[in-house]
Amino acid sequence: MAREFNVRPVVFPPGNPAAVPHQRRLPTAPFQPPPPRPQNPNLPFMSFDVGSAASAATASTSFSAPIFGANNLSGSAGSIGGLGFDDEPPLLEELGINTRQIWRKSVSIMNPFRVNSDIHEDADLSGPFLFLMAFGLFQLLAGKLHFGIILGWVTAAAIFLYVVFNMLAGRNGNLDVYRCLSLIGYCMLPMVIFSALSLFVPQGGAAVFAMAGVFVLWATRVCTRLLVELASCGDEHRGLIAYACFLIYTLFSLLVIF
């Protein structure tokens with residue numbers, strides 16, 4: 001069984017259909033965004049061209065390097081605080097280490113019969129620390145590691161001497177622990193010399209004990225005289241102060257002997 005469909009007939013316009021041109025779309029140029037306007041007219045415009053962008057960037061970022069000369073350095077050094085490098089104090093003096101004072105104190109201790117106590121008015125710990133490290137170094141050369149023992153004994157000796165002296169002087173005593181550390185440390189110089197000489201002397205002999213007695217008496221005499229002259233109310237108790245100093249330096253001599 002066939003089914004019929006109603007289809008409208010196609011009607012062509014009159015004339016030649018070939019003469020009717022086809023409407024074709026003409027090609028258009030690619031889209032190019034308009035160049036933005038720079039806010040600052042002094043800044044160059046950087047286009048999308050690589051060559052022009054590189055030249056513009058070079059022109060905009062080029063500058064001359066600063067030149068540093070001797071005049072600039074001297075001017076800046078003189079402008080800071082009004083002092084140049086030649087007028088600045090040495091680094092050791094800024095740290096509170098006076099090498100001349102240490103040398104003068106050390107020379108005054110070398111003569112046990114003529115000690116200048118005026119030099120030791122200003123107490124410091126730079127020289128004592130140097131002598132204690134030297135004493136420990138000579139002990140290390142002898143095969144004995146005594147750095148901790150030396151520092152501990154010096155601290156205990158300073159406290160012991162401080163207590164003994166202030167008990168003898170009463171309320172009139174003006175000796176403090178800092179001055180005790182300074183005096184005991186500087187008077188360690190004879191023990192440092194003894195420790196250095198003991199490296200060349202056979203251990204356990206009579207020569208070592210004789211040297212120990214001489215250097216202990218040397219250190220005791222110097223320390224006693226400095227304590228009596230620098231601290232008040234010490235002259236009447238000179239014997240007791242000398243006995244305390246003798247015990248302190250005898251202990252250090254035992255580190256060298258044994």
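Residues 147–168, whose end C-alpha atoms lie 32 Å apart, form a span that is 100% helix and 0% strand, where helices are DSSP runs of H or I with at least four residues and strands are runs of E with at least two, numbered from the N terminus. This is a predicted model, in which local features need pLDDT of at least 70 and side-chain atom pairs count only at pLDDT 80 or more, while totals for chains, interfaces and linings use all residues. Residues are numbered from 1 along each chain as its sequence is written, and side-chain values use heavy atoms, with hydrogens and water left out.

An unreviewed UniProt entry lists residues 147–168, 180–201, 207–228 and 240–257 as "transmembrane region"; such annotations may be inferred rather than shown by experiment. Two of these spans are set out below.

| Span | End C-alpha distance | Helix | Strand |
|---|---|---|---|
| Residues 147–168 | 32 Å | 100% | 0% |
| Residues 240–257 | 26 Å | 100% | 0% |

The largest nonpolar core has 48 residues, of which Phe135, Met191, Phe194, Leu227, Tyr249 and Phe252 touch the most other members; such a core is a set of buried Ala, Val, Leu, Ile, Met, Phe, Trp, Tyr and Cys residues joined through side-chain atoms within 4.5 Å, buried meaning under 20% relative accessible area with a 1.4 Å probe and protein chains only. Helix H9 gives the most to this core, with 13 residues. Leaving aside neighbours within four places in sequence, Leu227 is in contact (heavy atoms within 4.5 Å) with Leu161, Phe165, Leu175, Leu183, Ile241 and Cys245.

Arginine 179 is found in helix H7. Not counting residues up to four places away in sequence, arginine 179 touches His120, Glu121, Ala123 and Leu230, and a polar atom of its side chain lies 3.2 Å from the backbone oxygen of glutamate 121.

Definitions and conventions
Buried < 20%, exposed > 50% of the residue type's maximum accessible area, 1.4 Å probe, protein only. Polar contact = N/O pair within 3.5 Å; in protein donor to acceptor, adjacent residues only side chain to side chain.
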